Amino acid sequence: MHGERVAVVGGSIAGCAAARALHRAGAGEVVVLERASGRLQDRGVGLAIQNERYAELEAAGYLDARMPWVPLTRRPWVVRDGARRAGREIASLPFPFRSYRWGSLWQELRRRLPDDVDYRGGVAVRAVHPDADGAAVVLADGTEERFDLVVGADGHRSTVRAAMLPAASSAPAWGGYLAWRGTVAAAQLPGPAEAFPEDTATTVAFPGGHMISYRIPGSPSGEDGAADGEAARDGDGGSSDDGVRVNWVFYATPPAHLAERLADPEASPSAELTRELTDHQHRLVERYFPGYWRDLVRGTPEEDRLLQPIHDAAAPRYAHGRLALLGDAAAIARPHTGSGALKALQDATVLGRALLEHDSLPAALAAYDAERAPVGRAILELGRSLGRAHVLRTPDWASMDQRSFEAWWHENSGAGVGGRPLRP
Ligand SMILES: Cc1cc2nc3c(=O)[nH]c(=O)nc-3n(C[C@H](O)[C@H](O)[C@H](O)COP(=O)(O)OP(=O)(O)OC[C@H]3O[C@@H](n4cnc5c(N)ncnc54)[C@H](O)[C@@H]3O)c2cc1C
């Protein structure tokens, strides 16, 4: 880059990583425009990043071992079986992942931004008007600013994408099911402790869905008793402490009469719809869950739960003219792919590398588009395949053993979980 003025719209995971990439690539001025005025770290739950993908991002300088994490190694799959409290294990897979609390990861990325990156919270972008050598960004208060490049890190309802592509080409599609998410303090877990070893991501499988649970670091703001930013693992892994929480993600279809109200990607579930869906989840848990896992869900306070209707999308292009997209603005990865935050960080890494390797902005953006747009489409397809197998057309889990489970897992793209290597 040659000192260009760049706007990054959105200051979440993708936005912070993009700002870092642009700064390192030689942008003259990087301005992050983030609609939210509060602290993003107070929202969000857990996410997991596969160890090899982590290592690539560490080598590229986007993640480091001082960001709090919890090591995971194994993913047992269990089903309800009579009165066995923890259920019966049908199979177990290696699970070489690090888990993060979404909020602490965001906070650490934000904290590492160089001082001269101008991060403006509480600033919403209303529209973007591109032209031949830049774009005008219109803010919610009506003021307008000009930039040489505008990077859309503004999530699944991206304003930058709307300026770059016809809406129909990348409109989010309803997946037909949703994720109920929650966290609960590890100290509040029901007994017995052996039901849920610390390094596992245990998955309860049932007809029409599943739930994955794993531990995540404590809160970055310390409200669960953890020290600021140093909750569970700091450096080489450390020891577990009181701030650790358990993150669970429960996938199932909604009752048929509610499905239509979830199909609109623009609408967030109302309080009444949330109550009905929570009741639905509780009915499924009562019917299909072993006692330990039922108690875990039941013991999760309402304020620590959230609903995520599953939508997906992939933009056909990641860059055009002086606009570029990354993270969820470019492609939404379903949570089962284990690659939402990872993909955002990889997008930023590749964008930064392309800007360093090419002399002109158009050449760099073309290289970025060529490398990342196919990845976005592949992750979309992977998510759909996993969604069909794990939620919409579940197998008869209870009749499976390790061998038949592994065959099913490979047939249904399980090997893709955790994301693709950074270099194709
Ligand atoms: C508060 C929050 C909590 C989350 N929690 C989790 C979690 O627990 N687990 C998980 O797997 N994923 C979570 N996600 C989603 C996850 O961050 C993404 O799937 C992935 O990391 C890609 O991130 P992103 O930065 O592309 O998109 P997002 O994280 O969705 O960020 C988009 C950002 O753009 C901002 N924005 C949108 N429109 C405008 C506009 N017009 N002007 C200015 N700013 C705008 C939004 O406020 C938001 O901060 C969360 C997202 C957010 C925003």
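# A guided tour of the predicted chain

Start with the whole chain and its charges: the mean positions of the 48 positive and 55 negative charges of the protein chain lie 4 Å apart. Lys and Arg count as positive, Asp and Glu as negative, while His and the chain ends are not counted. Each charge is placed at NZ of Lys, CZ of Arg, CG of Asp or CD of Glu.

A word on what is on your screen. This is a predicted model, in which local features need pLDDT of at least 70 and side-chain atom pairs count only at pLDDT 80 or more, whereas totals for chains, interfaces and linings use all residues. Residues are numbered from 1 along each chain as its sequence is written, and side-chain values use heavy atoms, with hydrogens and water left out.

**The overall view**

Switch to cartoon, and you have ten helices and 18 strands; these are DSSP runs numbered from the N terminus, helices being H or I with at least four residues and strands E with at least two. The C-alpha trace spans about 65 × 45 × 40 Å along its principal axes. Of the 424 residues, 56% are buried, where buried means under 20% relative accessible area, exposed over 50% and partly exposed in between (1.4 Å probe, protein chains only). Of the contacts with a separation of 6 or more, 75% join residues 24 or more positions apart; contact means heavy atoms within 4.5 Å.

**Stop one: Thr183**

Select Thr183 in strand S11, residues 173-185. Its relative accessibility is 6%, so Thr183 counts as buried. Now show side chains: those of Thr183 and Arg245 are joined by a polar contact of 3.0 Å. A polar contact is a pair of N or O atoms within 3.5 Å; within protein, one must be able to donate a hydrogen and the other to accept it, and residues adjacent in sequence count only if both atoms are side-chain atoms. Beyond four places in sequence, the residues touching Thr183 include Val45, Ile216, Asn247 and Asp304.

**Stop two: Ser213 and Leu296**

Next, pick Ser213 in strand S13, residues 209-216. With 0% relative accessibility, Ser213 counts as buried. Leaving out residues up to four places away, its contacts include Phe196, Val246, Trp248, Trp293 and Leu296.

Follow that last contact to Leu296, in helix H7, residues 291-298. Leu296 is buried too, at a relative accessible area of 2%. Apart from neighbours within four places, Leu296 is in contact with Val184, Leu189, Pro190, Met211, Ser213, Val246 and Trp248. For a distance to draw, try Leu296 to Asp312: their C-alpha atoms are separated by 29 Å, with their positions 16 residues apart along the chain.

**Stop three: Gly121**

Move to Gly121 in strand S6, residues 118-121. Gly121 is partly exposed, with a relative accessible area of 43%. Glu34, Ala36 and Ser37 are what Gly121 touches, not counting residues up to four places away in sequence. From Gly121 to Asp312, 191 residues apart along the chain, the C-alpha separation is 27 Å.

**Last stop: two backbone details**

Zoom in on the peptide bond from Gly191 to Pro192, which is cis, with omega near -5 degrees. Pro192 sits in the loop between S11 and strand S12 (202-206).

Finish at Ser413, in the segment after helix H10 (402-411). Its phi is near 70 degrees, a positive value in a residue other than glycine. Ser413 is partly exposed, at 26% relative accessible area.
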